[in-house]
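Subject: Handing over the structure

Dear colleague,

I am passing on the structure we spoke about, and below it you will find some notes on what turned up when I went through it. Please keep the picture open while you read, so that you can look up each residue as it is named.

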Amino acid sequence: MVSELWLILGGSLMITEQTDCTMKEAKGYVGNKSAVFPLQLLGYDVDPINSVQFSNHTGYPTFKGQVLNGEQLWELIEGLEANDLLFYTHLLTGYIGSVSFLNTILEVINKLRSVNPNLTYVCDPVMGDEGKLYVPEELVHVYREKVVPLASMLTPNQFEAEKLTGLRINSEEDGREACAILHAAGPSKVVITSITIGGLLLLIGSHQKEKGQKPEQFKILIDKIPAYFTGTGDLMTALLLGWSNVMSLSFPSGSKIFSIVFPHTFSDVVVNKF
């Protein structure tokens with residue numbers, strides 16, 4: 001694999017800023033524990049920064065721990081800059097628990113792009129699922145108005161895509177329209193990672209190669225597994241970013257990426273180009 005440095009904020013660099021819940025789950029890891037190791041297996045050099053340090057993930061009835069604030073994040077960036085270590089090729093952000101941290105990430109993006117204008121920023125806007133917010137309501141506005149315009153790739157779930165676009169997604173057509181709205185806001189690549197319509201689970205991928213150009217889009221129908229898992233979105237975004245760095249997200253190679261991301265289930269999914 002290509003040697004890159006990614007900041008999960010890492011030779012090129014990727015930054016990933018996510019949670020690091022210290023307690024192992026019976027059904028898997030979450031946050032950076034789901035994202036860092038798979039990227040390292042793909043040959044990438046990853047620098048993780050934990051936006052929170054919790055006893056367990058927030059799906060439990062209670063949790064304890066600390067949330068990194070914007071000032072503390074900026075101190076880390078200043079330390080990297082003082083040692084001439086700010087050249088990153090990729091930045092990935094996931095769960096973020098405070099407005100100050102999210103606002104500081106905007107400064108981090110601008111700082112990193114002043115060093116490397118070609119920095120790829122992948123934003124997993126972790127805000128909630130199934131009609132429930134995991135984060136303070138004010139973060140939604142910051143994501144929609146300030147973060148999304150800076151993203152190269154966006155990977156919301158259905159609920160998050162609805163919050164970012166103001167569009168209720170009740171059909172495949174709505175999902176495609178939501179992707180188009182998000183393209184207009186900034187990112188050239190959008191993957192709505194899970195949409196439930198009429199009992200079916202599907203994914204919609206969209207790539208707008210040039211502004212104003214009609215995006216190439218595809219959908220993947222996925223069989224549901226009757227179980228609840230945590231950290232799957234973190235894992236998928238990391239692998240999607242890792243493989244899309246060497247393969248196109250457009251159809252049909254975009255579907256090939258998902259055959260790699262989901263090797264044991266892809267034989268049960270149906271891929272269609274719109």
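With which residue does Glu 81 form a salt bridge, and how far apart are the closest N and O atoms? The partner is Lys 111, and the closest N and O atoms of the two residues are 3.1 Å apart. This pair links distant parts of the chain, since Glu 81 belongs to helix H2 (residues 70-82) while Lys 111 belongs to helix H3 (residues 99-115), and their positions lie 30 residues apart in the numbering. Glu 81 has a relative accessible area of 38% and is therefore partly exposed, and Lys 111, at 23% relative accessibility, also counts as partly exposed. As a general point, side chains of opposite charge can pair when their charged atoms come close.

Before going further, please bear in mind that this is a predicted model. The chain has 274 residues, and buried residues make up 50% of them. It contains eight helices and 13 strands, and its accessible surface comes to about 12400 Å², of which 53% belongs to carbon and sulfur atoms.

A search of the whole structure finds six salt bridges, and two others besides the pair above are worth describing here. One of them joins Glu 172 to Lys 219, with the closest N and O atoms 2.8 Å apart. Because Glu 172 lies in helix H6 (residues 172-185) and Lys 219 in strand E12 (residues 216-222), this pair ties together parts that are 47 residues apart in sequence. Glu 172 is partly exposed, with a relative accessible area of 26%, whereas Lys 219 counts as buried at 11% relative accessibility. The other salt bridge is formed by Arg 144 and Glu 145, whose closest N and O atoms are 3.5 Å apart. Arg 144 has a relative accessible area of 31%, which makes this residue partly exposed, and Glu 145 is likewise counted as partly exposed, at 45%.

Another glutamate to look at is Glu 162, which is found in helix H5 (residues 158-165). Is Glu 162 buried or exposed? Its relative accessibility is 12%, and buried means under 20%, so Glu 162 counts as buried. A polar atom of the Glu 162 side chain lies 2.9 Å from the backbone nitrogen of Ile 169. When neighbours within four places in sequence are left aside, Glu 162 is in contact with Leu 167, Arg 168 and Ile 169.

The last region is helix H1 (residues 32-41) and what follows, and the buried residues of this helix are Asn 32, Ser 34, Ala 35, Val 36, Pro 38 and Leu 39. When you trace them, it may help to recall that an α-helix has 3.6 residues a turn, so residues three or four places apart point the same way. Leu 42 has its place in the loop between H1 and strand E3 (45-54), and at 10% relative accessibility Leu 42 counts as buried. The C-alpha atoms of Leu 42 and Trp 243 are separated by 8.5 Å, although these two residues are 201 residues apart along the chain. Just after H1, Gly 43 takes a positive phi of about 100°.

With best wishes

Note on methods: Residues are numbered from 1 along each chain as its sequence is written. This is a predicted model: local features need pLDDT of at least 70, side-chain atom pairs count only at pLDDT 80 or more; totals for chains, interfaces and linings use all residues. Side-chain values use heavy atoms; hydrogens and water are left out. Helices (H or I, at least four residues) and strands (E, at least two) are DSSP runs, numbered from the N terminus. Buried means under 20% relative accessible area, exposed over 50%, partly exposed in between (1.4 Å probe, protein chains only). A polar contact is a pair of N or O atoms within 3.5 Å; within protein, one must be able to donate a hydrogen and the other to accept it, and residues adjacent in sequence count only if both atoms are side-chain atoms. Contact means heavy atoms within 4.5 Å. A salt bridge is a side-chain nitrogen of Lys or Arg within 4 Å of a carboxyl oxygen of Asp or Glu. Accessible areas come from the Shrake-Rupley method with a 1.4 Å probe; for residues, only the protein chains shown count as cover.
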